Amino acid sequence: MPIVWYLSSVQFSDKTLVSGVILKKKPFISSPGNSPLKNALMIIGSYFNAACSNRDIVVKLKDQKISVKTDEYGGFRVTFDFCADEQVSVYEKKSSVALKAIQNYPIQFQNSESTVAIISDIDDSIMVSYTKTKIKRLVTTLFKPSHKRKVILFTEELYKAHKENNPRFFYVSKSESNLFPTISNFIRHHRLPEGNLFLTPYLRFWQLIKSNKDKNHKFNIISYLIENSPKQRFVLIGDDSQGDIEIYTRIAHQYKSRLQSIYIRQTQKKLNGQKRQSWEALQKTGIGAYYFEPEEIFSLTHK
């Protein structure tokens, strides 16, 4: 029987965004293990587990139902035109039995009255991932269980410094949904703020090899969050390994009045000419921006 690999219900003032991923069956290992071997088996196994592609499903929230078809990656996204914190359910179109969600992470994320929201990247922004070194990144992802992955201390302290504002948190990453258990377990283990995860589609192994991820994924998601959170100003956190500087520069040009500050983590000891140019372009937007070094610790002087 199909299962829900990932499900989220994100509330805004006048709508609720429900999204998720449906697989044909529960993976043999579906949660991060305590051993390197079990962790590797979980991750590798996820790329050989088929998604429910182009499947007719029904998403129910409160007393409203929306029919939708999953995409080729088993993913779906629907918007209800009301804000509701009731439990969301997902059904196959011809079934009255709700599909089981197997995640160990919150599904519902309530609307916030806070005036501040934080949008953070994940790899090399809150979690050391070595995205610039392919082999080291692969070995770390496979053989280092999430509870042993290193947290970026600057970002961790930055989160703590904003705690008094009770900000709303969103995580926007280019990581595929296969890595949802690893990322969510990392966030919970390190007691980082639990926010909705916006990841890229769930992939099969052959898709991983040939995958061309949507270059506008982060820009589109961040734009959506800003446009649907009119009471909040945003803090953006990223790194210089996957185009965050350029994406945040585009965001700054389009939503300058909605941004409070931008923080970029330097992933290598020296900056090349292209990174310097990108950083200068971000600074020219007039948004308060800070480029922090790999081992730097956040302090209130950076605010």
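**Exercise 1. Is the crossing of H6 and H7 left-handed or right-handed?**

Solution. The model is predicted: local features need pLDDT of at least 70, side-chain atom pairs count only at pLDDT 80 or more, and totals for chains, interfaces and linings use all residues. Residues are numbered from 1 along each chain as its sequence is written, and side-chain values use heavy atoms, with hydrogens and water left out.

Step 1. Locate the elements: H6 covers residues 217-227 and H7 covers residues 244-254. Helices (H or I, at least four residues) and strands (E, at least two) are DSSP runs, numbered from the N terminus.

Step 2. Two packed helices are described by the angle between their axes and the distance between the axes. Here the axes of H6 and H7 come within 10 Å and cross at roughly 35 degrees. Axes are lines fitted to C-alpha atoms, for helices over the stretch in contact, and angles run from 0 to 180 degrees between N-to-C directions.

Step 3. Assign the hand: H6 and H7 cross in the right-handed sense. A crossing is right-handed if the near helix is turned clockwise from the far one by less than a right angle, and left-handed if anticlockwise.

Step 4. List the contact (heavy atoms within 4.5 Å). From H6 come Lys 218, Phe 219, Ile 222, Ser 223, Ile 226 and Glu 227; from H7 come Asp 244, Ile 247, Tyr 248, Arg 250, Ile 251 and Gln 254. The classes are 6 nonpolar, 2 polar and 4 charged residues. Ala, Val, Leu, Ile, Met, Phe, Trp, Tyr, Cys and Pro count as nonpolar, Asp, Glu, Lys and Arg as charged, and the others, Gly among them, as polar.

**Exercise 2. Give the strand order of the open sheet of 3 strands and explain its edges.**

Solution.

Step 1. The order is S4-S3-S6, with antiparallel pairing; two strands pair if DSSP finds at least two bridges between them.

Step 2. S4 (64-69) and S6 (88-92) each have a single partner strand, so one side of each is left without a neighbour in the sheet.

Step 3. Neighbouring strands are turned by 25 degrees against each other on average, direction ignored.

Step 4. S3 (residues 56-61) pairs with S6 over 5 bridges, and Ile 57 faces Glu 92 in S6.

**Exercise 3. Describe the largest pocket and the second largest cavity, and name a residue from each lining.**

Solution.

Step 1. On a 1 Å grid over the protein atoms alone, a cavity is a set of points where a 1.4 Å probe fits but cannot get out, and a pocket is an open set with protein on both sides within 12 Å along at least five of seven lines; lining residues have an atom within 4 Å of a point. Grid points are joined across faces, edges and corners, and a volume is the space filled by probe spheres set on the points.

Step 2. The volume of the largest pocket is about 880 Å³. Among its 24 lining residues, Tyr 47, Arg 137, Glu 176, Leu 208 and Lys 213 are the closest to its centre. H2 gives the largest share of this lining, 6 residues.

Step 3. The second largest cavity holds about 80 Å³. Its lining includes Asp 123, Arg 137 and Ile 183; helices H2 (134-143) and H4 (180-189) are the elements that give two or more residues.

Step 4. By class, the pocket lining has 11 nonpolar, 7 polar and 6 charged residues, and the cavity lining has 3 nonpolar, 4 polar and 3 charged.
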